[in-house]
Amino acid sequence: MSESSSSRIFRPGLLEGQVCLVSGAGSGLGRETALELVRLGGSVIACGRRQEPLEQTAALAQGLAGSFEHEATDIRDEEAVERLIDGVLERHSRLDVLVNNAGGQFLSPAEAITPKGFRTVIELNVQGTWLMTHAAATKAFIPQGGGKVLSVTLSPHHGMPGMVHSGAARAAVENMMRTLAVEWARFGIKTCALAAGQFATETLMTKYPQVVVDNLERSIPIGRAGRPEEMAWLVAYLASPAGDFFSGTTITIDGARDNWAGPWPPDAIVGEGGEPVAEERRPKP
C-alpha cells in the first residue's frame, strides 16, 4: 500500500503540525509507518542504519501531504543518537512522537547463539531503544512539556523458541515503557509498547527459512499474517489526539497469536464433522 497518496483510514491532515521520528524506516513496518504519518500531514524524520533503503522510502514519500527527511543513524551509537535528536530540534524546534521501530534478531536454537550474537540483539533492541527514548525525552519532551514514545516489540509473550535473545530484549523494552510511563507522567510523556506478531514484510517473506514462511499462517488463529499498513494505522491512531490516554501498556497486534498457536480446533482433536470435541455429559435423570 506504500504507493497510496492518502490514508485509507484517517481524515486528511490528522497529524498536521506533528513532528515524528521513526527508526528503522528503511523497510517493513517502519517504512509503512513513516509513509502513513506523512500521508496524514506529519513532519517525519526517518532513520536507519543504511542510507539506500531510506532513500527508497523517501522516493515513496514524494508528493504526500506531509514532509519527509531521512538520516542514516546507528541507534546503538550514543553520539550519533544525540546528533540526530539535536538536528531534529534545530530544524523543527520540537519533537512530538518517537516511534522506536528499529530492531533485529535472527532465528537460531538457543544453544547455538554465541555471546556476541546475544549481545548484538540486546544492544540493538534494548540499548538502542533506551538511547533514542532518553535523548528524545531529555532534549525535547521534558523541556516542551510532553511527547509520545511508541516502541515496537514482539508477540507471542509466552515464550519465543528460536529467538530467546529477541524475546528477552523485547520483554525488557515492554517493562521500560511501563516504568517510564509512571516516572515521566509528570512531564506529560506517554509511553507504550506495540507487540507485533507475524507480519508479511519483505524481510519475513524472503530472509527466513522457506519452511517457516510456508507454515506461518497455520500458527495464527485468524488464518493470515498481518499487513504492514495495519501496524502503521495503529501507530497513527496513537500519535493522534485519539491516543492521548494510552500510556504504560502493551498493545498486542497479532491476530490472536498471543493466545493460541494455530487454528481452533486443532486437527488432532476435532470430531468427525470438524467440530471441536466436547466432554460427553450424562443425561439428567
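**Exercise 1. Placing P228**

Task: Which residues does P228 touch, not counting residues up to four places away in sequence?

Solution: Start with the neighbour list: P228 touches G28, L29, E32, F199, A200 and T201, with residues up to four places away in sequence not counted. Contact here means heavy atoms within 4.5 Å. Next, find the element: P228 sits in helix 8 (residues 228–239), where helices (H or I, at least four residues) and strands (E, at least two) are DSSP runs, numbered from the N terminus. Then check the burial: P228 has a relative accessibility of 17% and counts as buried. The scale behind that word is under 20% relative accessible area for buried, over 50% for exposed, and partly exposed in between (1.4 Å probe, protein chains only). Finally, a distance: from P228 to M132 there are 96 residues in sequence and 23 Å in space, C-alpha to C-alpha.

A word on the model before going on. This is a predicted model, in which local features need pLDDT of at least 70 and side-chain atom pairs count only at pLDDT 80 or more, while totals for chains, interfaces and linings use all residues. Residues are numbered from 1 along each chain as its sequence is written, and side-chain values use heavy atoms, with hydrogens and water left out.

**Exercise 2. The buried face of helix 2**

Task: Which residues of helix 2 (residues 51–61) are buried, and what covers them?

Solution: First list the buried residues of helix 2, which are P53, L54, T57, A58 and A61. Now look down the axis of helix 2: these residues fall within an arc of 145°, so they line one face of the helix. The arc is that of the directions from the helix axis to the C-beta atoms. Next comes the cover, which includes helix 1 (28–39), strand 2 (43–48) and strand 3 (67–72). Last, see what follows helix 2: G63, with a positive phi near 85°.

**Exercise 3. Three helix pairs**

Task: At what angle do the axes of helix 1 and helix 2 cross, those of helix 3 and helix 4, and those of helix 4 and helix 5?

Solution: Two packed helices are described by the angle between their axes and the distance between the axes. Axes are lines fitted to C-alpha atoms, for helices over the stretch in contact, and angles run from 0 to 180 degrees between N-to-C directions. Angles under 35 degrees count as roughly parallel, over 145 as roughly antiparallel, 65 to 115 as roughly perpendicular and the rest as oblique. A crossing is left-handed if the near helix is turned anticlockwise from the far one by less than a right angle, and right-handed if clockwise.

- Helix 1 and helix 2: their axes come within 10 Å and cross at roughly 30°, and the two helices are therefore roughly parallel. Their crossing is right-handed. R31, L35 and V38 of helix 1 make the contact with P53, Q56, T57, L60 and A61 of helix 2.
- Helix 3 (residues 78–92) and helix 4 (residues 115–144): the axes come within 10 Å and cross at roughly 40°, and the pair is therefore oblique. This crossing is right-handed. The helix 3 residues in the contact include V81, I85 and L89, and those of helix 4 include L131, A135 and K139.
- Helix 4 and helix 5 (residues 164–183): the axes come within 8 Å and cross at roughly 20°, and these helices are therefore roughly parallel. Again the crossing is right-handed. Among the residues that meet are F118, V121 and W130 in helix 4, and H165, A169 and M176 in helix 5.

**Exercise 4. Backbone exceptions**

Task: Where are S93, A256 and P156, and what are the backbone angles of S93, A256 and the S155 to P156 bond?

Solution: Begin with the background: most residues other than glycine have a negative phi, and most peptide bonds are trans. S93 has a positive phi near 70°; S93 lies in the loop between helix 3 and strand 4 (97–100) and is exposed at 63% relative accessible area. A256, also not a glycine, has a positive phi of about 75°; A256 is in the segment after strand 7 and counts as partly exposed at 29%. The peptide bond from S155 to P156 is cis, with omega near 15°, and P156 is in the loop between strand 5 (147–154) and helix 5.
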